[in-house]
Amino acid sequence: MSVIYILITVSIVVAIVFLIAFIRAVKSGQFDDDYTPSVRILFDDEIKKCPSKTIKVEKQKSI
């Protein structure tokens, strides 16, 4: 029975360590998106008109 208490304690400590690491990564800007703003101009959402036909450009889905 004492093994269960040890395992629960260790798992809580590991979870807290991962939570602290995640919060530190978010605060340091690790998950900031630097790539998308630079290519956003390439994907127009407007309707482009050609002399012979109208082409509707749809927004590309991001994964």
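**Exercise 1.** State which residues form the nonpolar patch on the surface, and its accessible area.

Solution. The patch consists of Met 1, Ile 4, Tyr 5, Ile 8, Ile 12, Ile 16 and Ile 20. Together these residues have about 750 Å² of accessible area (Shrake-Rupley method, 1.4 Å probe; for residues, only the protein chains shown count as cover). Patch residues have over 30% relative accessible area and no salt bridge; like charges are joined within 9 Å, nonpolar side chains (Val, Leu, Ile, Met, Phe, Trp, Tyr) within 5 Å. A salt bridge is a Lys or Arg side-chain nitrogen within 4 Å of a carboxyl oxygen of Asp or Glu.

The model is predicted: local features need pLDDT of at least 70 and side-chain atom pairs 80 or more, while totals for chains, interfaces and linings use all residues. Residues are numbered from 1 along each chain as its sequence is written, and side-chain values use heavy atoms, without hydrogens and water.

**Exercise 2.** Place Ile 16 in its element and classify its exposure.

Solution. Ile 16 belongs to helix α1, residues 2-27 (a DSSP run of H or I, at least four residues; strands are E, at least two). Ile 16 is partly exposed because its relative accessibility is 45% (buried is under 20%, exposed over 50%, partly exposed in between; 1.4 Å probe, protein chains only).

**Exercise 3.** Compare the span of α1 with the expected value.

Solution. The 26 residues of α1 should span 38 Å at 1.5 Å a residue (1.5 Å times one less than the number of residues). The end C-alpha atoms are 38 Å apart, so the values agree. Just after α1, Gly 29 has a positive phi of about 90°.
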